[in-house]
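Biologist: Can you put the model up? I have a few questions about the rings and the strands.

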Amino acid sequence: MTLAENTFIGEYTYSVDSKGRLNIPSRFRKSLSKNDNNTFVITKGLDPCIWVYPLSEWLKIENNLRNLSSVKNINRTFVRHTTRYASPSTYDKQGRVSLTPSLIEYATIDKEVLIIGAIRKIEIWNPAKLKEVDQENLKIEQDSYDELADKITL
């Protein structure tokens, strides 16, 4: 079975090297669209993690951000938060991308990371931080999950 282009699922454990480079799992690299030119856009997540978008997915986000009015403070703040830490990274022959020091600091990454497929993007987590977030998310009411599940055909 083959997944659709730019679809990412699963969880992998990898290490960040001393230069801030991280290997993207080959399964994720293989699912990139040809239009992405082996390039991801890497930015700060809304959770304490790093978000990694295929270039073509990022261009959709960028287009939506362009449509927000810069007259409203909330829009300016959101655009700034979303784009400030964003940088394109084309993976090298070993499948590695470069993470900026500010993103590594934001996500409290040391060496070991969890790389998680989140359908249209990839998330990079400090394993201990993800465990904390998962514990906090256990407090979400079952009714909220049920309401969301009603929107998805299983």
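Modeller: What follows goes through aromatic pairs, charges over rings, one strand and a surface patch; keep in mind that this is a predicted model.

Biologist: How many aromatic pairs does the structure hold?

Modeller: There are 5 aromatic pairs. In one of them, Phe 8 and Phe 28 have ring centres 5.3 Å apart and planes at 80°, so that pair is edge-to-face.

Biologist: Where in the chain do Phe 8 and Phe 28 lie?

Modeller: Phe 8 is in the segment before β1, and Phe 28 is in helix α1, residues 26-30. They are 20 residues apart, so the pair links distant parts of the chain.

Biologist: Are Phe 8 and Phe 28 buried or exposed?

Modeller: Both Phe 8 and Phe 28 are buried. Phe 28 has a relative accessibility of 1%, and the cut-off for buried is under 20%.

Biologist: What kind of aromatic pair do Tyr 12 and Phe 28 form?

Modeller: Tyr 12 and Phe 28 are edge-to-face, at 5.3 Å centre to centre with 85° between the planes. This pair also links distant parts of the chain, with Tyr 12 in strand β1 and Phe 28 in helix α1, 16 residues apart. Ring pairs thus link Phe 8, Tyr 12 and Phe 28 into a cluster.

Biologist: And why does Tyr 12 count as partly exposed?

Modeller: Because its relative accessibility is 21%, and buried means under 20%.

Biologist: Switching to charges. Which ring does the charged end of Arg 29 sit over?

Modeller: The ring of Tyr 91, with the charged end 5.6 Å from the ring centre. Lys 121 has its charged end over the ring of Trp 51, 4.5 Å from the centre.

Biologist: Now β3. Why is it largely enclosed by the rest of the structure?

Modeller: Strand β3 covers residues 39-44, and 6 of the 6 are buried, so the rest of the structure largely encloses it.

Biologist: Which strands do bridges join to β3?

Modeller: β5, residues 87-90, runs antiparallel to β3 and is joined to it by 4 bridges; Thr 39 has Thr 90 as its bridge partner there. β4, residues 50-54, is also antiparallel to β3, with 5 bridges, and Ile 42 is partnered with Val 52. β3 and β4 make a hairpin with 5 residues between them.

Biologist: Last one, the surface. Which residues form a nonpolar patch?

Modeller: Leu 3, Ile 9 and Ile 119, with about 240 Å² of accessible area together. Ile 9 lies in the segment before β1 and is partly exposed, at 39% relative accessible area.

Methods:
Residues numbered from 1 in each chain as written. Predicted model: local features only at pLDDT ≥ 70, side-chain atom pairs only at ≥ 80, totals over all residues. Heavy atoms only, no water. Patch = residues over 30% accessible without salt bridge, like charges linked within 9 Å, V, L, I, M, F, W, Y side chains within 5 Å. Areas by Shrake-Rupley, 256 points an atom, 1.4 Å probe, with all protein chains shown as cover. Salt bridge = Lys/Arg side-chain N within 4 Å of Asp/Glu carboxyl O. Helix = DSSP H or I, 4+ residues; strand = E, 2+ residues; numbered from the N terminus. Buried < 20%, exposed > 50% of the residue type's maximum accessible area, 1.4 Å probe, protein only. Phe/Tyr/Trp six-rings, centres within 6.5 Å; stacked < 30°, edge-to-face > 60°. Lys NZ or Arg CZ within 6 Å of the ring centre and 35° of its normal. Pairing = 2+ DSSP bridges.
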